[in-house]
Amino acid sequence: MSIVANKPEPLLYEMSNPGTVGYSLPECDVPMTQLPSDLLRSELNLPEVGEVDVVRHFTRLSQKNYCVDLGIYPLGSCTMKYNPKVNEEAIRLAGFSQVHPMQPAETAQGAMQLMYELQEYLGAISGLPGVTLQPAAGAQGELTGVLVIRAYHLARGDTARSEILIPDSAHGTNPATSAMAGYQVVQVKSDARGNMDSEDLRAKVSNKTAGIMFTNPNTLGLFEEHVRAVNQILHDAGGLVYGDGANLNAIVGVARPGDLGFDVIHSNLHKTFSVPHGGGGPGSGPVMVRPDLAQFLPSPVVAQEGETYVFKNPAHSIGRIKSFWGNFLAIVRAYVYIRSFGKEHLQEIAQDSVLNANYLLALIRDVYDPQVPERVCKHEFVLNGTRFKKEYGVNTLDVAKRIIDYGYYPPTIYFPLIVPECLMIEPTETQSKASLDEFAAALRQIAEEARANPQLLHDAPHDTPVTRLDDVKAAREPVLRYKHL
Amino acid sequence: MSSGKEITYPNDVKYASTHEWVKLDSDTAIVGITDYAQDALGDIVFVELPEPGMEKKAGEAFGVVESVKAASDVFMPVGGSISATNDALRDAPETVNGDAFGAGWMLKLFPYNAADLEKLMDAATYKSKIDSGEIH
């Protein structure tokens with residue numbers, strides 16, 4: 001950590017010194033004219049600072065940032081894995097970094113070959129060979145997928161399907177996506193083992209069901225044990241199955257969603273395939289579909305004709321979902337990542353991520369309470385903080401804030417919504433055993449502090465430029481721009 | 001903070017498994033969320049309520065309660081016509097945290113569907129289902 005990291009940084013407004021400028025212009029060689037007075041504003045009160053002060057201000061701010069290059073970033077359901085530096089080397093090759101989206105296709109054949117091959121790889125990995133690389137991130141991939149499902153039903157002349165089923169453990173984007181695509185959301189309950197409640201599912205599926213959206217493994221970090229049966233129930237009712245690929249890291253190279261009965265799935269390249277995210281974006285959320293749905297994909301996709309790569313519009317495309325060709329450099333990074341592993345080693349991503357999550361859970365499970373203790377978790381696990389709240393008066397927010405004092409980014413909290421006082425941890429495969437041991441030791445120490453000195457947790461974090469923020473006041477009385485208070 | 005206080009389960013209201021309560025005041029039904037619900041949600045920062053005059057069935061969502069942790073739908077414990085909503089919650093959503101069964105009420109229903117009351121729980125049943133983890 002930098003020596004300045006824990007000092008509070010003033011706002012640029014507070015650093016302002018009247019008359020200071022960060023520029024020096026040559027003398028004007030044309031007659032000067034005043035702007036019309038109705039276009040001039042005097043109330044803006046812009047900060048006046050020098051160039052070097054601005055640079056230092058933002059550099060100091062950047063040093064307060066936490067990032068995956070500093071340490072474990074265990075945000076559940078976010079897959080904050082290490083972003084290999086070789087990806088960054090590749091995107092700086094002139095053929096990728098200097099290519100213009102409007103240049104003729106015949107002059108961008110290398111870039112298009114890469115896109116074509118990534119489509120092929122993602123099709124092979126998912127078992128769903130129709131691929132679009134366009135969506136800008138996961139949620140846009142979801143919208144693309146659900147619009148494809150909608151187009152499929154309408155093309156069959158089936159206009160009666162108005163509902164999408166979604167389990168109560170789902171990512172919030174799933175119901176939001178369904179609503180945006182014009183569907184009613186019908187919630188399906190989870191059972192005690194963390195699976196979808198099959199009785200509730202059977203009760204809710206009907207000829208109004210357009211499809212189901214779910215994540216496997218789900219947000220409890222558990223593999224849906226009846227995934228094939230669930231998908232069969234949907235298919236028997238004429239619905240399609242959308243897989244939220246946010247948790248693909250747990251099964252990549254091991255199980256193919258297409259083989260499990262999914263019809264459509266997206267993959268967050270900025271999770272499973274090592275593209276930076278969390279301020280380091282942009283993301284990318286390609287969508288993969290079974291062969292007969294490829295005709296509905298967004299236009300265009302890259303196709304191969306002899307030796308040449310061309311852009312093609314699928315026959316019954318839902319249209320464009322994003323300008324140009326998606327977030328191209330994110331696509332390049334994912335391509336490099338997949339090629340660095342190769343077909344033989346890709347499964348080690350899933351195996352090691354599951355191993356790391358189970359190892360970390362094993363180190364702390366005697367002091368924290370797993371939500372479904374009888375099951376082996378996949379790439380992440382969920383802890384229930386009810387006992388801490390009851391016995392120590394410490395809630396999960398307090399635990400998360402205390403984790404900051406130990407120099408780590410806190411895990412996801414209060415999600416999934418079905419787990420009270422939830423703490424959701426995903427270490428990813430890119431943590432060494434030593435790093436997991438250290439993190440587990442910190443969590444154990446915090447559990448002991450919760451018992452012996454709960455006030456320490458209520459007041460945390462202590463070792464940061466600002467301590468506990470009043471997020472309630474901020475939410476109730478938001479101040480959304482700078483002003484003198 | 002909401003933690004540490006004993007959760008209350010008054011006997012003069014009926015409870016839905018989705019954590020709403022209903023209390024009868026002559027021919028009007030008053031609706032809110034339970035003390036357990038406000039405690040689980042944490043500090044409530046926003047309450048969105050429907051326009052009076054709307055009719056809704058039991059189990060239908062009537063609004064949204066937003067805390068610093070999550071935004072949650074709230075559901076009709078009984079069906080009925082919404083005759084009034086608690087406007088005070090617009091400026092003081094924290095009232096739900098402080099007095100869930102009193103000043104933190106959300107809807108008045110007139111008329112309401114009395115038959116729906118039979119599907120609701122009394123305080124002892126609701127509490128036992130929460131303590132056993134059957135509902136959360």
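Which residues in helix 6 of chain A meet which residues in helix 7 of chain A? In this predicted model, Gly138(A), Ala139(A), Glu142(A), Leu143(A) and Val146(A) are the residues on the helix 6 side, and they meet Thr173(A), Asn174(A), Thr177(A), Ser178(A) and Met180(A) of helix 7. By class, the residues of this contact divide into four nonpolar, five polar and one charged.

Two packed helices are described by the angle between their axes and the distance between the axes. For helix 6 (residues 138–155) and helix 7 (residues 173–180) of chain A, the angle is about 45° and the axes are 9 Å apart. The pair therefore counts as oblique. The crossing of helix 6 and helix 7 of chain A is right-handed.

It helps to step back to the whole chain. Chain A contains 17 helices and 12 strands, and 43% of its 485 residues are buried. Among contacts in chain A between residues at least 6 apart in sequence, 72% join residues at least 24 apart. The C-alpha atoms of chain A fill a box of roughly 75 × 70 × 45 Å along the principal axes. The radius of gyration of chain A is 25 Å, which agrees with the value near 23 Å for a compact globule, because that is the figure for 485 residues.

Chain A also touches chain B. Here, 10 residues of chain A are in contact with nine residues of chain B. Helix 17 (residues 471–476) of chain A supplies the largest share of the chain A side, with four residues. The side of chain A that touches chain B has five nonpolar, two polar and three charged residues.

Definitions and conventions. Residues are numbered from 1 along each chain as its sequence is written. Chains are lettered from A and ligands numbered from 1 in the order in which they are written. This is a predicted model: local features need pLDDT of at least 70, side-chain atom pairs count only at pLDDT 80 or more; totals for chains, interfaces and linings use all residues. Two residues are in contact if their C-beta atoms, placed from the backbone, lie within 7 Å. Helices (H or I, at least four residues) and strands (E, at least two) are DSSP runs, numbered from the N terminus. Ala, Val, Leu, Ile, Met, Phe, Trp, Tyr, Cys and Pro count as nonpolar, Asp, Glu, Lys and Arg as charged, and the others, Gly among them, as polar. The radius of gyration is taken over C-alpha atoms; the globule rule is 2.2 Å times the number of residues to the power 0.38. A residue is buried if 20 or more other C-beta atoms lie within 10 Å of its own, exposed if 12 or fewer, and partly exposed in between; C-beta atoms are placed from the backbone. Axes are lines fitted to C-alpha atoms, for helices over the stretch in contact, and angles run from 0 to 180 degrees between N-to-C directions. Angles under 35 degrees count as roughly parallel, over 145 as roughly antiparallel, 65 to 115 as roughly perpendicular and the rest as oblique. A crossing is left-handed if the near helix is turned anticlockwise from the far one by less than a right angle, and right-handed if clockwise.
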